[in-house]
Amino acid sequence: MSANNSESTSGGAGVTAGREGAGAARDGGSMGDVHRVVQQRFIAAARRAQAHNAVSQAELEKEVGRVQIDFVSRTQSRHLALQQELQQKQLALQQRHARLQQELRDSIARQTAALQEDLKSNPIQWVTGAAQKKMADAQAKVAEQMAALQAQVQQDMVDMQAEWQRRAAELDAECKAEEATLRSQAETKVRQFTEQAEGAVKRTMDELLEPHPDFAHCRLSREQRAQFVRDGFVVIPQQVDRHLVDEALRLINYTIGRGVREDELLSFRRPEVEASPQVVNLLLRSPALAMARSLLGPTQPCLGGQLAVRFPGFGTTLHNNGDWDPFAERSQTFVEAPVWEKAYHVDGVPDAVNGLQPGKVHNFSLLLGVLLSDLPEEKSGNLIVYPGGHRILQEYCKTTTAAEFLRGGARGLDLPPSQQITGKAGDLIFAHYNMPHGVAPNLSPHIRHCIYFRISCADLVQGDFGAMQDMWKHWQGVKDVL
């Protein structure tokens, strides 16, 4: 965005008429102040988004922490329950083993007692050796039963250990699956939160930089774009809603009511107003920016506008030797200053008055004006353009260098007859950067209110003199009508 006054001859290449350029010394600093005000708005919006995101993130972290604690607690409880279950099974198995051992001992005792009774009743068995055989058979059977019981005990313990390992592995697998599910859910929530946070920041930035969705589809017609290419400007009537115009006027007039110094009468600037929502809404909550992009294609952010307030008497002299006496009995009449029709300029040319950084042209792509007051007649502080003058300036730039242009400007161009733009509040004015322009004297009894926005193509580098030598170099929306 250029940092000079669109309608002030100071900072431009042209002829100065009377006091038209006076008071423009603050233009460069004023736009810097606009940037600071916008930066403060961005910072405030970012802080609001960060505060909202911090609260949301704290709630998310609390929820994730609660889920993790709940998961650990459930896992520990499930492991404890499994351990208790297996311990109970182990105890039952041990009790079963003890019972079997006791049953075996009782069986052996009964068998021994029966054998002894048999030997008492038939002692001859000792002589024949039958007693010894019975005793050996009984001992072998006892050993076999004891070995079988021991093998069963060992196998039961192996089975118990295998079941323990199997159940523990199943539980670990279930816990890992649940943990993976919880982790996936947490990652999904974090991703959703991040997307929501980024979306909130984007919505905040869009509100500050992008046209409202209701107007994103708006564009200039082929005929309007062709007229723009031919003449270097086009006026589109009644595009900004009256309530937006009134909101901007209310703020501007309130600011004027708080006081205007005499040196500000020719260049009234208030950065806090130029970067205010009331002014920026004229661009974003109307078809203005979308229509501009139908000419330019993608654009760089536009951070604010320029107050262009022209008070009655701007660019004039007065009868009675220029002495203004508001209490004079007879009416005093404004008289237009001489040669004002030739007082054109080109924006963005540094000089000792406008405060722009020397050494380069502070060019942009498109000057977009929003009329805030009706201009039914000429010489009411109207914007002056020179239909086709953009082509003449381009041809001039092709014959010179950036350094020579900065030294001498574009003075003395043989421009076409001038045209004063009339219209109504809510009209949009689109003018190419290469269009030499000026401002008519205000002989009317009314203050002329207008806001100018400076729009740049996305790939324009400020200071690129080649964009003045090839003025459609970056314009993507006019290729079909060139």
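Start with the whole surface: the chain exposes about 24800 Å², and carbon and sulfur atoms supply 53% of that area. Keep in mind as you look around that this is a predicted model. While the full chain is on screen, colour by secondary structure and you will find 11 helices and 10 strands. Of the 482 residues, 44% are buried. Among contacts with a separation of 6 or more, 85% join residues 24 or more positions apart.

**First stop: a helix pair**

Select residues 242-257, which form helix α5, together with residues 277-284, which form helix α7. Two packed helices are described by the angle between their axes and the distance between the axes. Here the angle is about 155° and the axes lie 8 Å apart. Angles over 145 degrees count as roughly antiparallel, and α5 and α7 are therefore roughly antiparallel to each other. Their crossing is left-handed.

Now show side chains at this contact. From α5, pick L244, V245, E247, A248 and L251; from α7, pick Q278, N281 and L282. What is the make-up of the contact of α5 with α7, in nonpolar, polar and charged residues? The residues divide into 5 nonpolar, 2 polar and 1 charged.

**Second stop: two residues with positive phi**

Most residues other than glycine have a negative phi. Two places to check against that are Q238 and K379.

Go to Q238, in the loop between β1 (233-236) and α5. Its phi is near 50°. Q238 is partly exposed, with a relative accessible area of 48%.

Next, select K379, in the loop between β5 (366-371) and β6 (383-385). K379 has a phi of about 55°, again positive although the residue is not a glycine. Its relative accessible area is 28%, so K379 is partly exposed.

**Third stop: Q394**

Move on to helix α9, residues 389-398, and highlight Q394 within it. Is Q394 buried or exposed? With a relative accessible area of 9%, Q394 is buried. Buried means under 20%. To see what surrounds Q394, leave aside residues up to four places away in sequence and display N434, M468, Q469, D470 and M471, which Q394 touches.

**Last stop: A130**

Finish at A130, in helix α3, which spans residues 130-209. A130 is partly exposed, with a relative accessible area of 29%. For a distance to draw in your viewer, join the C-alpha atoms of A130 and L119: they are separated by 9.6 Å, and the two residues are 11 apart along the chain.

Technical notes. Residues numbered from 1 in each chain as written. Predicted model: local features only at pLDDT ≥ 70, side-chain atom pairs only at ≥ 80, totals over all residues. Heavy atoms only, no water. Axes fitted to C-alpha atoms, helices over the stretch in contact; angles between N-to-C directions. Helix = DSSP H or I, 4+ residues; strand = E, 2+ residues; numbered from the N terminus. Parallel < 35°, antiparallel > 145°, perpendicular 65-115°, else oblique. Left-handed = near helix turned anticlockwise from the far one by under 90°. Contact = heavy atoms within 4.5 Å. Nonpolar A, V, L, I, M, F, W, Y, C, P; charged D, E, K, R; others polar. Buried < 20%, exposed > 50% of the residue type's maximum accessible area, 1.4 Å probe, protein only. Areas by Shrake-Rupley, 256 points an atom, 1.4 Å probe, with all protein chains shown as cover.
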